[in-house]
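Hi everyone, thanks for making time today. I'd like to walk you through one structure, and you can follow along on the screen.

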Amino acid sequence: MYKAIILVGGPSRGTRFRPLSLNVPKPLFPVAGHPIIWHHLEALSKIEGLKEVLLIGFYEDSIFQRFIDDAVREFPKINIRYLREYQSLGTAGGLYHFRDEIQRGDPQQIFVLNADVACSFPLNEMMEFHNKNQGLCTILGTKVAREVATRYGCLVANPENNEVLHYVEKPENFISDLISCGIYLFDCAIFDEMKKAMQNKQLRVDPDQLVDDKLRLEQDLFRPLAVSKKLFVYVTNDFWRQIKTAGSAVPANALYLEQYLKTNPDRLLKNESGGPTIVGCVYKHPTAFVDPSAKIGPNVTIGPRAVVGKGVRIKDSIILDNVEIKANSCILHSIIGWGSKIGTWARVEGTPITNDQTVITQNGVKLQSITILANEVMVKDEIIIRNCIVLPHKELRTNCHNEILM
Ligand SMILES: Nc1nc2c(ncn2[C@@H]2O[C@H](COP(=O)(O)OP(=O)(O)O[C@H]3O[C@H](CO)[C@@H](O)[C@H](O)[C@@H]3O)[C@@H](O)[C@H]2O)c(=O)[nH]1
């Protein structure tokens, strides 16, 4: 029997996801028509013998209830629960705190998944790899561009057997382009290692060292595991990316839509006579309406009850619930928030992003990125909004470029 944990974090961690996280906790933000962590559940549901998924975080208890109610109907073989940390305990702190709950029923192995990633989740392959070596933990790893590697947990592995020789979390200088995807498979003996790590932390009396009560997988567990030759990496060449900023939901959307094309093409819109023109991968919620004269795609998700008018063009964007886009408007590289209204002949445009930007402004200037309208924003007829982040309930009557509109 197997179990899985999704580390969902808490409200204080979603700040880079603003303004969208003002409306919905980041793990529940819809990407490719489903909450971010629904994709984790879908992947976990394909593991034979996986009985329980625990969401661990420090959000209020009620936050995940509706999602869980829907998910248990959709994935009936999995028991899904939320366990709340009384405060942020760190990436291993919650696991350690709830260790009895996690080990109840004696699971053979436990998957631990960061919530804020989009991935093909090659979990069965990880498991096969894990069972062939002598490790306590297998990390899913991937190669990234050298210039961004230091933003992640970096690994140096033995090319013969993929044993991790060296692990450094977000090193100051480049050590490797092989990084941790934040997806792990553990044997239950990891809890003994956590106990040791916790004791070491409590014993540490170096006054110069900033001691807090958090236990972190990356800093407190992986280093000693690498030293004792119990840490391995399974390297994937399939898709993976972080979802940190609000804008990064758009490229994540593209990855999942392209995956649908391979695995569930029926989830995507097709070109049909009398229907809108579809370019590439497009997901539309069944309750949304798109006028047949509109041209949509590639990489577009249209949420529940959205209405897309005549002659509208949408590309590389996420349109959320209850949005109305009036005739002949153009939406490119943008996220249009819940209940927003775009007038006729308007243009809302951002810039496509490649690697996730970690900052929004530089020297007081808004960097080129995805344009984001929060909820209930109104863009008047013929207005152009380019490279902006717009906070909730704004009414935009003049053209705006490169601004954060509060
Ligand atoms: N339950 C809980 N979850 C937490 C806590 N702190 C963080 N998390 C969750 O743990 C995950 C990692 O978050 P961060 O601590 O912000 O780390 P990071 O910058 O995303 O880096 C991590 O992920 C990278 C891959 O995306 C890794 O490369 C890196 O090594 C590290 O694991 C996220 O899903 C976050 O919600 C906590 O105190 N409690």
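Let me start with a term we'll need: a salt bridge here is a side-chain nitrogen of Lys or Arg within 4 Å of a carboxyl oxygen of Asp or Glu. Please keep in mind that what you see is a predicted model.

With that cut-off in hand, look at D116 and K244: their closest N and O atoms are 2.5 Å apart, so the pair counts as a salt bridge. The two residues come from distant parts of the chain, with D116 in the loop between β6 and β7 and K244 in the loop between β13 (240-242) and α8 (249-263), 128 residues apart. Both D116 and K244 are buried.

Which other residue does D116 pair with through a salt bridge? It is K26, at 3.6 Å from N to O. K26 sits in the loop between β1 (2-9) and β2 (30-31), and D116 in the loop between β6 (109-114) and β7 (117-119), so this pair ties together parts that are 90 residues apart in sequence. K26, like D116, is buried.

How many salt bridges does the structure hold? The count is 20. Another one joins K230 and E193, whose closest N and O atoms are 3.4 Å apart. Because K230 lies in the loop between α7 (217-227) and β12 (231-235) while E193 belongs to helix α6 (residues 190-203), the pair links parts that are 37 residues apart in sequence. Here the burial is mixed: K230 is partly exposed, at 27% relative accessible area, while E193 counts as buried at 13%. There is also a network, in which salt bridges with shared partners join K3, E52, R81, E101 and R104.

Now for the domains. The domain assignment gives domain 1 (2-242) and domain 2 (266-401). Taken over C-alpha atoms, their centres are 32 Å apart. The contact between them takes 16 residues from domain 1 and 19 residues from domain 2.

That brings me to the nonpolar cores. The largest has 71 residues, and those with the most contacts inside it are F29, L44, L55, F111, I183 and I335. Helix α8 gives the most to this core, with seven residues. Where does the core lie relative to domain 1 and domain 2? Both domains give residues to it, so it lies between them.

F29 is a nice residue to click on. Setting aside neighbours within four places in sequence, its contacts include F17, L20, I36, A249, I335 and W338. Apart from that core lies another, of 35 residues, among them V112, I139, Y167 and L215.

One of the contacts of F29 is I36, which takes us to helix α1. Is α1 enclosed or open? Nine of the nine residues of α1 (residues 36-44) are buried, so the helix is largely enclosed by the rest of the structure. The buried residues include W38, H39, H40 and E42.

Over in the loop between β28 (365-366) and β29 (371-373) we find I370. I370 is buried, with a relative accessible area of 2%. Leaving out residues up to four places away in sequence, I370 touches, among others, G247, V250, H333, I335 and C388.

What about empty space? A search of the whole structure finds two cavities of 30 Å³ or more. The second largest holds about 30 Å³, and its lining is L95, I110, V112, F186, I190, F191 and M194. Helix α6 gives the most to that lining, with three residues.

Last, some backbone details to check in your own viewers. A cis peptide bond joins R18 and P19, with omega about 5 degrees; P19 is in the loop between β1 and β2. The bond from G297 to P298 is cis too, with omega near 0 degrees, and P298 lies in the loop between β17 (295-296) and β18 (300-302).

Then there is positive phi in residues other than glycine: W345 has phi near 50 degrees, and H393 has phi near 65 degrees. W345 is in the loop between β25 (341-342) and β26 (347-349) and counts as exposed at 56% relative accessibility. H393 is in the loop between β32 (389-390) and β33 (395-396) and counts as exposed at 58%.

That's my tour, and I'm happy to take questions.

Technical notes:
Residues numbered from 1 in each chain as written. Predicted model: local features only at pLDDT ≥ 70, side-chain atom pairs only at ≥ 80, totals over all residues. Heavy atoms only, no water. Buried < 20%, exposed > 50% of the residue type's maximum accessible area, 1.4 Å probe, protein only. Helix = DSSP H or I, 4+ residues; strand = E, 2+ residues; numbered from the N terminus. Core = buried A, V, L, I, M, F, W, Y, C linked by side-chain atoms within 4.5 Å. Domains from an automatic or database assignment. Contact = heavy atoms within 4.5 Å. 1 Å grid on protein atoms, 1.4 Å probe; cavity = no way out; pocket = protein on both sides within 12 Å on 5 of 7 lines; lining within 4 Å. Points joined across faces, edges and corners; volume = space filled by probe spheres on them.
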